[in-house]
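Visitor: I am new to this structure and would be grateful for a close look at one part of it. Please describe the cysteines and how they are paired.

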Amino acid sequence: MDTTLSITNSSRLQVSEFILMGLPGIHEWQHWLSLPLALLYILALGANTLILITIQHEPSLHQPMYQFLGILAIVDIGLATTIMPKILAILWFDAKIISLPECFAQIYAIHTFMAMESGIFLCMAVDRYVAICYPLRYPSIVNEAFVIKATLSMVLRNGLLTIPLPILAAQRYYCSRNEIDHCLCSNLGVTSLACDDITINRIYQLALAWVILGSDMGLVFTSYALIIHSVLRLNSAEATSKALSTCSSHLILIVFFYTAVIVLSITHLAGRKVPFIPVLFNVLHNVMPPAFNPMVYALRTQELRVGFQRVLGLVENVSRK
């Protein structure tokens, strides 16, 4: 095995770097996947940057719903940038080596941004719940101060709760194997190479998933159950349609995000038989939502489409109509 070893204070050998092998089972032709992955990454960067510029440029979009969308765009850019440059370096330049600190830092960044995405979806669900179920109180409840407090609480929650993941991974003893059958440093993929017991790592990973993703998903779908219950009580079909249309884009993104999380978990169960599938799903789950989230909002939100046209100069007189 091509590995770099260093001697620890206890005179035992410890690997000093990992080797990211790429997509298992297709190493010979995995470079062909670099083009679609690069296009997805460029789309994610371009579309989310356009959303940020549009929201900043258009006074009509300075509302909590769009401010949360702007925060989601920042999170999406961070999530995609955490993994894609290294993946493309592996596929294009065979740059497979990654140091232990870099690997542990990537573990932290991936889990933090994923948890942030889930947290922002929860904030957006609360925003829609108050807007539809308590429309008269909406301006006094969901204001700029609410957006700031909700965002800071998500940053603190996710930033602090994910810290033990890389710390626990760094405390493991990596004595011989250093080849990771993956394109990125996943927590369990890395710790599975350890020569000592990783039970605590598995337990904390599972607990973190339930505490953050599980609670967020439960609260999000509870919010939408209450929204649907409130909307169905409206007497006017037009009012019902208008109320649902205001949160349809958000609901599509939520269903896509949490469905992908569930599918990713299920594919890991089949990972031993077909290891290529969970690895590919893991990569796509980190780059597809950032690429397609802006497109869903752009297609289904007229105010955002008009804002795009103004920013891009496609329609000069939209604001005067």
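Guide: One definition is needed beforehand: a residue is called buried under 20% relative accessible area, exposed over 50%, and partly exposed in between. The model is a predicted one.

The structure contains two disulfides. With bonded cysteines counted along the chain, their pattern is 1-3, 2-4.

One disulfide connects Cys103 with Cys185, at an S to S distance of 2.0 Å. Cys103 belongs to helix H3 (residues 100–133), while Cys185 sits in the loop between strand E5 (179–180) and helix H7 (187–191), so this pair ties together parts that are 82 residues apart in sequence. The link is left-handed, with -120 degrees about the S-S bond. Both Cys103 and Cys185 are buried.

The other disulfide is formed by Cys175 and Cys195, whose sulfur atoms are 1.7 Å apart. Cys175 lies in the loop between helix H6 (164–170) and E5, and Cys195 in the loop between H7 and helix H8 (199–232), 20 residues apart. This link is also left-handed, with -80 degrees about the S-S bond. Cys175 has 23% relative accessibility and therefore counts as partly exposed. Cys195 is likewise partly exposed, because its relative accessible area is 39%.

There remain cysteines to consider outside these pairs. The sulfur of Cys123 has its closest cysteine sulfur in Cys247, 16 Å away, which is too far for a bond. Cys123 is buried, its relative accessible area being 6%. Cys247 takes part in no disulfide, and the nearest cysteine sulfur, that of Cys133, is 9.4 Å away. With a relative accessible area of 3%, Cys247 is buried.

Notes:
Residues are numbered from 1 along each chain as its sequence is written. This is a predicted model: local features need pLDDT of at least 70, side-chain atom pairs count only at pLDDT 80 or more; totals for chains, interfaces and linings use all residues. Side-chain values use heavy atoms; hydrogens and water are left out. A disulfide is a pair of cysteine sulfur atoms within 2.5 Å. Helices (H or I, at least four residues) and strands (E, at least two) are DSSP runs, numbered from the N terminus. Buried means under 20% relative accessible area, exposed over 50%, partly exposed in between (1.4 Å probe, protein chains only).
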